[in-house]
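These are my notebook entries on one structure, written down in the order in which I looked things up.

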Amino acid sequence: MAMDAREIETMIRAALPDAIVTIRDLAGDGDHYAAEVVSASFTGKSRVQQHQMVYQALKGKMGGQLHALALQTSAPEA
């Protein structure tokens with residue numbers, strides 16, 4: 001069963017409340033998404049650490065209910 005874009009956004013915002021989250025359905029199939037996440041929580045973290053924080057927010061659904069997620073993360077610009 002595929003995930004809804006709103007569900008992905010809700011899970012990310014629950015873990016990173018200050019996040020600005022933009023989700024796009026890349027294939028129109030509810031299975032392949034792109035997400036842009038901007039959060040102050042990412043400040044001082046490597047890109048890998050930022051992505052790990054987002055994957056943790058998805059609570060194991062990555063690779064299961066959520067087949068593919070192209071992820072772009074950043075801290076807000078000062």
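Before placing anything, I fixed my terms: helices (H or I, at least four residues) and strands (E, at least two) are DSSP runs, numbered from the N terminus. I also kept in mind throughout that this is a predicted model.

Entry 1, the start of the chain. I looked up alanine 2 and found it in the segment before helix 1, which spans 5-15. Its relative accessible area is 36%, so I noted alanine 2 as partly exposed, a label for values between the 20% limit for buried and the 50% limit for exposed. I then checked for a distant partner and found that the C-alpha atoms of alanine 2 and glycine 64 are separated by 8.6 Å, although the two residues are 62 residues apart along the chain.

Entry 2, the sheet. I traced an open sheet of 3 strands in the order 1-2-3, with mixed pairing. Strand 1 (20-25) and strand 3 (68-74) stand at the edges, and because each has a single partner strand, one side of each is left without a neighbour in the sheet. From one strand to the next, I read an average twist of 15 degrees. Strand 1 and strand 2 (residues 32-38) are paired in the antiparallel sense over 6 bridges, and I noted that threonine 22 has glutamate 36, in strand 2, as its bridge partner.

Entry 3, the helices against the sheet. I found helix 1 lying across strand 1 and strand 2, and running at about 155 degrees to strand 1. Helix 2 (residues 47-57) also packs on the sheet, where it touches strand 2 and strand 3, and its direction makes about 125 degrees with that of strand 3.

Entry 4, the core. Which residues touch the most other members of the largest nonpolar core? I listed Ile8, Ile12, Leu16, Val37, Val54 and Leu58, from a core of 18 residues. Helix 1, strand 1, strand 2, helix 2 and strand 3 each supply at least two residues of this core. I followed leucine 58 further and, not counting residues up to four places away in sequence, found that leucine 58 touches Ile8, Met11, Ile12, Leu66 and Leu69.

Entry 5, the two sides of helix 2. I marked Gln50, His51, Met53, Val54 and Ala57 as buried in helix 2. They lie on the same side of helix 2 because they cover an arc of only 155 degrees around the axis. Val48 and Gln56 are exposed on the other side of helix 2. What covers the buried residues of helix 2 includes helix 1, strand 2 and strand 3. After helix 2 comes lysine 59, for which I noted a positive phi, near 50 degrees.

Entry 6, threonine 73. Is threonine 73, a residue of strand 3, buried or exposed? Its relative accessibility is 3%, so I entered threonine 73 as buried, the limit being under 20%. Its side chain makes a polar contact with the side chain of histidine 51, at 3.4 Å. Leaving out residues up to four places away in sequence, I found that threonine 73 touches Val37, Phe42, Arg47, Gln50, His51 and Val54.

Entry 7, serine 39. I located serine 39 in the loop between strand 2 and helix 2, and with a relative accessibility of 0% it counts as buried. The side chains of serine 39 and aspartate 18 make a polar contact at 2.8 Å. Apart from neighbours within four places in sequence, the contacts of serine 39 are Leu16, Asp18, Ala19, Ser74, Ala75 and Pro76.

Note on methods. Residues numbered from 1 in each chain as written. Predicted model: local features only at pLDDT ≥ 70, side-chain atom pairs only at ≥ 80, totals over all residues. Heavy atoms only, no water. Buried < 20%, exposed > 50% of the residue type's maximum accessible area, 1.4 Å probe, protein only. Pairing = 2+ DSSP bridges. Axes fitted to C-alpha atoms, helices over the stretch in contact; angles between N-to-C directions. Contact = heavy atoms within 4.5 Å. Core = buried A, V, L, I, M, F, W, Y, C linked by side-chain atoms within 4.5 Å. Polar contact = N/O pair within 3.5 Å; in protein donor to acceptor, adjacent residues only side chain to side chain. Arc of directions from axis to C-beta.
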